[in-house]
Amino acid sequence: DDDDDEEEEEKFKMPPVLRVLAYNAPEWPALLVGGIGAAAAGVVMPVFAIVFAKLLRIFSEDCDQMEADIRMWAPAFLYIGFGSAAFEFSKTFFFGYAGEAITSRLRSMAFGAMLRQEISWFDDPHHSTGALATRLAKDASEVKGGLGFRLAVVVQLISTMIAILAVALVYNWQMTLVTLSAVPLLIASGAFQMRAL
């Protein structure tokens with residue numbers, strides 16, 4: 001039984017995204033704050049839509065009531081703008097920080113692995129000085145792009161979908177259920193787009 005478990009553990013390889021996140025474990029607080037910022041940034045547009053709809057409804061009121069309601073709802077656009085800026089900044093800053101940290105860590109690990117190679121390893125034309133320097137510069141940066149940008153976009157899209165679904169269910173649940181029939185098509189197109197990236 002122990003031999004079978006060891007063979008299964010040897011065959012199993014952790015997916016690259018999970019392995020990258022494991023290397024980025026020291027930056028979990030930054031990823032958490034960036035994730036909260038991304039989730040909040042995803043909720044901004046549904047909130048904006050609600051405020052904008054309320055503002056449009058005000059124009060059907062009489063003049064005195066309209067002026068009072070506009071004074072009440074107009075500052076909401078300012079608050080939404082400042083909130084959006086703060087959420088986007090926190091998302092970009094903290095995911096960028098985590099991405100730079102993992103880039104530095106992966107470059108150090110790759111350089112250390114190169115230094116531990118036998119001398120004959122460097123005789124291979126694929127391991128020339130230029131090729132190794134290019135790999136150190138390029139490969140770790142690609143991991144940063146995949147971790148920071150993609151993870152932030154995924155968190156933001158998920159929060160946007162949840163917020164939109166909640167708003168739609170509150171305002172017109174019958175129409176929402178009809179619209180949800182198109183969700184499998186949207187998911188399939190999103191998965192296709194993520195594979196293309």
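Which residues does Trp73 touch, not counting residues up to four places away in sequence? I began my notebook with this question, and in the model, which is a predicted one, I found that Trp73 touches Val51, Lys54, Leu55 and Ile58.

**Entry 1: Trp73**

I placed Trp73 in helix H4, and I noted that its relative accessibility is 24%. Because buried means under 20% and exposed over 50%, Trp73 counts as partly exposed at that value. I then looked up how Trp73 stands to Thr103, and I found the two 30 residues apart in sequence and 45 Å apart in space, taken from C-alpha to C-alpha.

**Entry 2: Confidence**

Before going further I checked how far the predictor trusts its own model, and I wrote down a mean pLDDT of 82 for the protein chain, with 90% of its residues reaching 70 or more. Among the elements of the chain, H3 has the highest mean pLDDT, 91, whereas helix H1, residues 2-11, has the lowest, 45. Over residues 1-15 the pLDDT is below 50, and I found that this stretch has 1 contact in the model beyond near neighbours in sequence.

**Entry 3: The nonpolar core**

I next listed the largest nonpolar core, which has 11 residues, among them Val20, Leu31, Phe95, Ala98, Ile102 and Leu147. At least two residues of this core come from each of helix H2 (16-23), helix H3 (28-58), helix H4 (63-115) and helix H5 (129-171). Which helix supplies the largest share of this core? I found that H4 does, with 4 residues.

I picked out Ala98 from this core and looked up its contacts: leaving aside neighbours within four places in sequence, Ala98 is in contact with Asn24, Glu27, Leu31 and Leu147. Of these partners, Leu31 and Leu147 are also listed in the core. For background I noted that in soluble globular proteins nonpolar side chains tend to be buried together.

**Entry 4: Arg116**

Is Arg116 buried or exposed? I found Arg116 in the loop between H4 and H5, and with a relative accessible area of 65% it is exposed, because exposed means over 50%. I also compared its position with that of Phe95, a member of the core, and the C-alpha atoms of Arg116 and Phe95, 21 residues apart along the chain, are separated by 32 Å.

**Entry 5: The largest pocket**

I turned to the largest pocket and wrote down a volume of about 430 Å³. Of the 13 residues that line this pocket, the closest to its centre are Leu157, Met161, Leu186, Ile187 and Gly190. H5 and helix H7 (183-196) each supply at least two residues of the lining, and H7 gives the most, with 8 residues. When I sorted the lining by character, I counted 9 nonpolar residues, 4 polar ones and no charged ones.

**Entry 6: Helix H6**

My last entry concerns two residues of helix H6, residues 173-179, one of which is Gln174 and the other Leu177. Gln174 counts as partly exposed at 45% relative accessibility, and Leu177 is partly exposed as well, with a relative accessible area of 47%. For Gln174 I looked up Ala191, 17 residues away along the chain, and their C-alpha atoms are separated by 27 Å. For Leu177 I looked up Leu165, 12 residues away along the chain, and there the C-alpha atoms are separated by 9.8 Å.

Conventions
Residues are numbered from 1 along each chain as its sequence is written. This is a predicted model: local features need pLDDT of at least 70, side-chain atom pairs count only at pLDDT 80 or more; totals for chains, interfaces and linings use all residues. Side-chain values use heavy atoms; hydrogens and water are left out. A nonpolar core is a set of buried Ala, Val, Leu, Ile, Met, Phe, Trp, Tyr and Cys residues joined through side-chain atoms within 4.5 Å. Buried means under 20% relative accessible area, exposed over 50%, partly exposed in between (1.4 Å probe, protein chains only). Contact means heavy atoms within 4.5 Å. On a 1 Å grid over the protein atoms alone, a cavity is a set of points where a 1.4 Å probe fits but cannot get out, and a pocket is an open set with protein on both sides within 12 Å along at least five of seven lines; lining residues have an atom within 4 Å of a point. Grid points are joined across faces, edges and corners, and a volume is the space filled by probe spheres set on the points. Ala, Val, Leu, Ile, Met, Phe, Trp, Tyr, Cys and Pro count as nonpolar, Asp, Glu, Lys and Arg as charged, and the others, Gly among them, as polar. pLDDT is the predictor's confidence in each residue, from 0 to 100.
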